[in-house]
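Colleague: Please choose a single helix of this model and take me through it closely, with its covered and uncovered sides, its length and what follows it. After that, please set that helix in the context of the rest of the chain.

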Amino acid sequence: IKLFEAIDKQKVFNEEKIKEQFKGTPIEKRYASLKKYLYELVIKSLTFYNSETISSIKVRRMLDAAEILQRKGLYHQAIRKLDKAEKMAEEVGLNFVIHDITRLKISCKSMISEFPPEEEFIAFKENQTSLISRMAQTNEICNKGLDIVFYSMYARDNAYPKNIERYKNLINDDFLALEKDLKGGYNKHQYYYTLKRYYSMIGEAEKEDEYNKKHINVFESGEMKKKHLPSNYIHSVMTLLENLDPNTQREDIDYWVNHCENFFENEGGSYINKANDLGHLHCIQQTHALVGQNNKKINELEAVITEYLDANKSKMNTFAGRWLNYNLAWTKVYKKDYKEALSLSNDLVNNDELSTSHFLYSPAIIQNIIIHFELKNFSYLEFAIGSFYKELKKKARLTANETLVFDFFYQNLSKIGSSAISNQDMFARLQNVYEATAKKPLDFTSEYLLQWINAKAGNQIYVNNKGVLEYS
């Protein structure tokens, strides 16, 4: 218990400090064995805690229970438990587990002289043949899905046009032809989810949207139950929401936000990733509000997200936590609350978990430089721009749009701050270059940059600390 409490108090696990804390105590002598024992206890506790919300764990626990009942000679009870497990395994798509369940059920029936008659046995064998075919298809789809996961991570870390072509042969005509003969709801879910990720990776938005909608329909049609794979379902809905245009599709955005909120409140139940998924929804809402300059929503969401981040501090190293922090810093910039913006931005930039491979790394660096510019910390800018510019250029982490902004600061550093008029002239020139040459369509980080550039060029309306619109 003492070892667990000491580890639990640490924000980031530091084994050397733990060992130092227990130096000279009985724990020091048994540290290795106690740590292993504690680890196994925590894993068992987490498994038990989540067994009612993760369907695959629930099925396996029922299968384990049935096997124990069989060994105790309680065959009738084992069969009832196996019937429940089989029904849920069918719903979730655990084809490999269904195979084990069926074999165990036959074994139990044979022990109580209830072995099926010949016609049932023949039907069982045919069903097994169908199951094996479905399992083979599951294997093929899941293996392709693993390829997409691996290459999408590689593409994210090396996201340049020259590398995109190499991924386009990952999906061939044979794989696309599988759609005509998909076996079961689970295989449909995996197939459409895989293709949606693939087309997202290679930048084909229309195809991504097509397969994303097909994936959502697998759940809406009842072929897969939302409660069994809640994160997979709601992520696809949020992908649809994320791709809507906040300037022209506000009614559609409101509809799908309400759909997501209803899911979290009523349909989704309690599941392990619920807090993170809710944070992801807040990210999308916040991004839409900022890009669409929906000042009412910006103010409403600022309070909601601040409360969410306070309640989920332990999740700040998640994807959603970083994205929310980044967006909230931009909200403060829009309100000209630069000191608070800097505090939020520093939390992000100084976070050891935000590695150079993370997609927010370079946007966060640029955001931090912009905030220092607004605070007129020009001596720091000279150091930061030179240091970060060389690092990011060397590692090729800058997008084309980010390079435009970094080049501007790097080349005009000596002129910035000389006068408001000359600054405005410089930003007006940057605005012209950015709008003419920036890679389209703009992602949300590039939209934020463009809005800020427009403001510095004197062309943008902002909302002040009192929620009142004003010209920069």
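**A close look at helix H14**

Modeller: In helix H14, the residues that count as buried are Ile253, Trp256, Val257, His259, Cys260, Phe263 and Phe264. When one looks down the axis of H14, these buried residues fall within an arc of 155°, so they line one face of the helix. Before going further I should say that this is a predicted model, and that what follows is a reading of that prediction. On the other side of H14, Glu251, Tyr255, Glu265 and Asn266 are exposed. As for what lies over the covered face, the buried residues of H14 have a cover that includes helix H12 (205-220), helix H13 (230-242) and helix H15 (274-291).

The length of the helix can be checked as well. H14 runs over residues 250-267, and its 18 residues, at 1.5 Å a residue, should span 26 Å; the C-alpha atoms at its ends are 24 Å apart, which agrees. Just after H14 comes Gly269, whose phi is positive, at about 65°.

That last point leads to the backbone elsewhere, for which a general remark is useful: most residues other than glycine have a negative phi. Gln293 is not a glycine, and yet its phi is positive, at about 50°. The place of Gln293 is the loop between H15 and helix H16 (295-311), and H15 is among the helices that cover the buried residues of H14. With a relative accessible area of 33%, Gln293 is partly exposed. Lys376, also not a glycine, has a positive phi of about 60°; Lys376 sits in the loop between helix H19 (361-374) and helix H20 (378-394), and with 61% relative accessible area it is exposed.

For another helix to set beside H14, consider helix H17 (residues 319-334), whose 16 residues reach 23 Å from the first C-alpha to the last, close to the 22 Å expected at 1.5 Å a residue. H17 is mostly covered, since 15 of its 16 residues are buried, and just after H17 the residue Lys336 takes a positive phi of about 60°.

Turning to charged side chains, the structure holds 15 salt bridges. One network of salt bridges links Glu179, Lys207, Glu210 and Lys214. Asp181 forms a salt bridge with Lys183, with the closest N and O atoms 2.9 Å apart; Asp181 is partly exposed at a relative accessible area of 45%, and Lys183 is partly exposed at 24%. In H16, Lys297 forms a salt bridge with Glu300, where the closest N and O atoms are 3.9 Å apart, a value that falls inside the 4 Å cut-off used for a salt bridge. Lys297 and Glu300 are 3 residues apart in helix H16, which means that about one helical turn separates them. Lys297 counts as partly exposed at 32% relative accessibility, and Glu300 is partly exposed at 38%.

A further pair acts over a longer stretch of sequence. The side chains of Lys456 and Glu374 meet in a salt bridge at 3.3 Å, N to O. Lys456 lies in helix H23 (residues 444-456) and Glu374 in helix H19, so the pair ties together parts that are 82 residues apart in sequence. Glu374, at 12% relative accessibility, counts as buried.

On the nonpolar side, Phe4, Tyr39, Val42, Ile43 and Leu46 make a surface patch of about 450 Å². Helix H4 (residues 31-50) supplies the largest share of this patch, 4 residues. Tyr39 lies in H4 and is exposed, with a relative accessible area of 52%.

Finally, the chain as a whole gives the setting for these parts. It contains 23 helices and 2 strands, and 45% of its 472 residues count as buried. Among contacts with a separation of 6 or more, 62% are between residues 24 or more positions apart. The chain exposes about 25,800 Å², of which carbon and sulfur atoms supply 51%.

Notes
Residues are numbered from 1 along each chain as its sequence is written. This is a predicted model: local features need pLDDT of at least 70, side-chain atom pairs count only at pLDDT 80 or more; totals for chains, interfaces and linings use all residues. Side-chain values use heavy atoms; hydrogens and water are left out. Patches are made of residues with over 30% relative accessible area and no salt bridge: like charges are joined within 9 Å, nonpolar side chains (Val, Leu, Ile, Met, Phe, Trp, Tyr) within 5 Å. Accessible areas come from the Shrake-Rupley method with a 1.4 Å probe; for residues, only the protein chains shown count as cover. Buried means under 20% relative accessible area, exposed over 50%, partly exposed in between (1.4 Å probe, protein chains only). The expected span of a helix is 1.5 Å times one less than its number of residues. The arc is that of the directions from the helix axis to the C-beta atoms. Contact means heavy atoms within 4.5 Å.
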